[in-house]
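Here are my notes on this model, point by point. Please keep the structure open while you read.

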Amino acid sequence: MQFKVVGKSLILTDYSHKITEGEGSFDTVEITVPKKHDDCDLSMLDFRFSETSEDGENSAVQVLHHTKCDEKYIYLKGTITSDFSAITGKVKFMLTGINDKNVVAKFQSTPFTVSDDISLASLPNKTTAEQLFNQTHLETVKAIEAAERAEKASQTPAPAEIYPASCERLGGVLSGNDISVSDNGTVTVNSVNGKTLGKSVPENAVFTDTVYTLPKATANDLGGVKVDGQTLGVTENGVIYAKNIQQTPIYYSTVSEKGWYRFCVIPAPRTTNNCLIGISREFNHRSPEVYQISLTSAYKSCVMKVLNSAVGTQLVTKIRVLMASVQPESHDTYLELFYDFNEENPFIIGVTSFASGGKSPDIKTIPLVKSENIPENYTATELNLST
């Protein structure tokens, strides 16, 4: 019997139903094995040929010998005893390569049938046997060739996929409305922005780059200007703005109880402050009042002064500055007013900062919020607004 290993399978001629129990002619097996399998040299292994029944209860094993070995294949041969044909029914053959006691390679056949009819009538005559051998040998050769073709096809790389071209990657392109491609792949630009080359655009037209120089602005002429970065700045959209003048949002608030109310936060760190405070109490209960107050501070020193006022009925009697008594440049500063009335009245308050020192973000005017106590480690500087 002649077998051959292809891939991971043991390919054998279809002797199914042609071997019977006790068959004496079933005595020699020849197997061709690839020398390399998964980067492993199989020529260094010992091989065993085994047969196992379908239920796994019966088996037979025979050691095979190396008859020769070339660059590609190992040729094995063994004499099989009647123990193999004694196992009837569905069986499987297996070729096992062993290194010492470890199984390195294993190749298994498809199910195989051994008949349990031991009558001589079941045995083929010489002519029939030769015909069966020739037929099965031809079928074996065809199966091996088909397996080799399939294995070779599996190793053939798939055609490369062409991806569309982009700004970052080379790739395939399609011609647009103004571009044509000839049969030999030549790309031709037919028009630009709807203008046909050679017709709308003269053939002798010369394309040049025009360089424009922006003149400087003067008292009499328009032109380019450049901000100094100190008193003037420019946004990303090209809008010029004045710097070092910080106008906080103006808030509309309503209060209805007597007490101190916080209306501004000056974030740390700041070493100096130069602010103008505007307080306007609108009419609801009692006639309105308006104040303009300056605030000037340097480190722990703070001075406030009423610049202008217009008072109908005075309900705001004091304002104060709360500054940290230790390292005031590292702590926020707060501005608060005292409302001396228990009826609801609306307020409009704004604070503008001029040339204040330090790297603090803009001062923050906030809606009026009740302030119960002076924070710990803070001192208060008050200004009496009573007229």
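1. Disulfides come up empty. A search of the whole structure, a predicted model, finds zero of them. Cys 302 is in no disulfide. The nearest cysteine sulfur belongs to Cys 275 and is 9.6 Å away. A disulfide needs the two sulfur atoms within 2.5 Å, so the 9.6 Å between Cys 302 and Cys 275 rules out that pair.

2. Is Cys 302 buried or exposed? Cys 302 has a relative accessible area of 14%, and the cut-off for buried is under 20%, so Cys 302 counts as buried. Cys 69 has a relative accessible area of 40%. That value puts Cys 69 in the partly exposed class, because it falls between the 20% and 50% limits.

3. Next, a sheet to trace on screen. Five strands form an open sheet in the order E27-E20-E25-E24-E28. The pairing is antiparallel. Strands in a sheet pair through backbone hydrogen bonds. On average, neighbouring strands here are turned by 25° against each other, direction ignored.

4. Which strands stand at the edges? They are E27 (364–370) and E28 (378–384). Each has a single partner strand, so one side of each is left without a neighbour in the sheet.

5. Now the pairings. E20 covers residues 259–266 and pairs with E27 over four bridges, in the antiparallel sense. E20 is also joined to E25 by seven bridges, again antiparallel. Strand E24, residues 316–324, pairs with E25 over six bridges, antiparallel as well.

6. Cys 264 is a useful marker residue for following the register. Opposite Cys 264 in E27 stands Thr 365. Opposite Cys 264 in E25 stands Leu 335. For the pairing of E24 with E25, take Lys 318, whose bridge partner in E25 is Phe 338.

7. How many residues of E25 are buried? Seven of the seven residues in E25 (333–339) are buried. Side chains in a regular strand alternate between the two faces of the sheet. In E25 both faces are covered. One side carries Thr 333, Leu 335, Leu 337 and Tyr 339, all buried. The other carries Tyr 334, Glu 336 and Phe 338, also buried.

8. Glu 289 deserves a look. Glu 289 is found in strand E22 (residues 289–298). Its relative accessibility is 0%, so Glu 289 counts as buried. Its side chain makes a polar contact of 2.6 Å with the side chain of Arg 281. A polar contact of 2.6 Å also joins the side chains of Glu 289 and Tyr 291. Beyond neighbours within four places in sequence, Glu 289 is in contact with residues including Ile 279, Ser 280, Ala 310, Val 311, Gly 312 and Leu 315.

9. Asp 55 is the other acidic residue to check. Asp 55 is found in the loop between strand E6 (46–53) and strand E7 (59–69). Is Asp 55 buried or exposed? At 52% relative accessibility, Asp 55 counts as exposed, because the cut-off for exposed is over 50%.

10. What does the side chain of Asp 55 contact? A polar contact of 2.6 Å joins it to the side chain of Ser 53. A polar atom of the Asp 55 side chain also lies 3.1 Å from the backbone nitrogen of Glu 57. Along the chain, Asp 55 and Gly 89 are 34 residues apart, yet their C-alpha atoms are separated by 9.9 Å.

Conventions:
Residues are numbered from 1 along each chain as its sequence is written. This is a predicted model: local features need pLDDT of at least 70, side-chain atom pairs count only at pLDDT 80 or more; totals for chains, interfaces and linings use all residues. Side-chain values use heavy atoms; hydrogens and water are left out. Buried means under 20% relative accessible area, exposed over 50%, partly exposed in between (1.4 Å probe, protein chains only). Two strands pair if DSSP finds at least two bridges between them. Helices (H or I, at least four residues) and strands (E, at least two) are DSSP runs, numbered from the N terminus. Axes are lines fitted to C-alpha atoms, for helices over the stretch in contact, and angles run from 0 to 180 degrees between N-to-C directions. A polar contact is a pair of N or O atoms within 3.5 Å; within protein, one must be able to donate a hydrogen and the other to accept it, and residues adjacent in sequence count only if both atoms are side-chain atoms. Contact means heavy atoms within 4.5 Å.
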